[in-house]
Amino acid sequence: GLISGPQDSAVSVERMESALARLPHHGMEAVAQARGTYAYDSGGEAFGQLVESLTSPPDAVICANDAMAIGAMDAARHHYK
């Protein structure tokens with residue numbers, strides 16, 4: 001899964017476009033996506049959105065920043081065992 005930052009953030013757009021460009025080289029064509037705000041809480045919320053959009057939790061998640069990554073990891077640990 002991918003958790004991007006705000007839509008109006010050029011850095012977020014560039015990070016996600018780069019990730020999406022590289023994933024097919026590793027055999028991943030379709031990747032679930034959600035959007036956060038670069039805040040810790042939004043990482044957890046976006047992880048929840050990813051889980052809801054899939055039949056099972058994702059094997060891996062790429063986040064646009066560290067705060068959202070920590071929020072996503074905490075959500076995965078505490079809510080999706």
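In this predicted model, residue A21 sits in helix α1. Its relative accessibility is 48%, so A21 counts as partly exposed, given that the exposed class begins over 50%. A useful long-range marker pairs this alanine with R77: the two are separated by 56 residues in sequence, and their C-alpha atoms lie 29 Å apart in space.

Turning to the sheet, three strands are arranged in the order β2-β1-β3, forming an open sheet with parallel pairing. The edge positions are taken by β2 (33-35) and β3 (62-63); each of these has a single partner strand, so one side of each lacks a neighbour in the sheet. As general background, strands of a sheet pair through backbone hydrogen bonds, in either a parallel or an antiparallel manner. Here, β1 and β3 run parallel and are joined by two bridges. Within this part of the sheet, I3 is placed opposite C63 of β3.

Both I3 and C63 reappear in the largest nonpolar core, which holds 16 residues. They belong to the group that touches the most other members, together with L2, F47, L50, M68 and A72. Two or more residues of this core are supplied by each of β1 (2-4), α1 (10-22), α2 (40-53) and α3 (66-79). Helix α2 makes the largest contribution, with four residues.

M68 deserves a closer look. With neighbours within four places in sequence set aside, M68 is in contact with I3, S4 and G5, with the run G36, T37, Y38 and A39, and also with S42, G43 and C63. The contact list of M68 thus includes I3 and C63, the two residues that stand opposite each other in the sheet.

One of these partners, Y38, has a backbone feature of its own. Y38 is located in the loop between β2 and α2, and its phi angle is near 80 degrees, a positive value in a residue other than glycine. With a relative accessible area of 23%, Y38 is partly exposed, because the buried class is limited to values under 20%.

Finally, the pocket analysis may be handy for anyone thinking about the space around the protein atoms. The largest pocket encloses about 240 Å³ of space. Its lining consists of 14 residues, and those nearest the pocket centre are G1, M28, V31, P58 and A60. The lining comprises 12 nonpolar residues, together with one polar and one charged residue.

Terms used: Residues are numbered from 1 along each chain as its sequence is written. This is a predicted model: local features need pLDDT of at least 70, side-chain atom pairs count only at pLDDT 80 or more; totals for chains, interfaces and linings use all residues. Side-chain values use heavy atoms; hydrogens and water are left out. On a 1 Å grid over the protein atoms alone, a cavity is a set of points where a 1.4 Å probe fits but cannot get out, and a pocket is an open set with protein on both sides within 12 Å along at least five of seven lines; lining residues have an atom within 4 Å of a point. Grid points are joined across faces, edges and corners, and a volume is the space filled by probe spheres set on the points. Ala, Val, Leu, Ile, Met, Phe, Trp, Tyr, Cys and Pro count as nonpolar, Asp, Glu, Lys and Arg as charged, and the others, Gly among them, as polar. A nonpolar core is a set of buried Ala, Val, Leu, Ile, Met, Phe, Trp, Tyr and Cys residues joined through side-chain atoms within 4.5 Å. Buried means under 20% relative accessible area, exposed over 50%, partly exposed in between (1.4 Å probe, protein chains only). Contact means heavy atoms within 4.5 Å. Two strands pair if DSSP finds at least two bridges between them.
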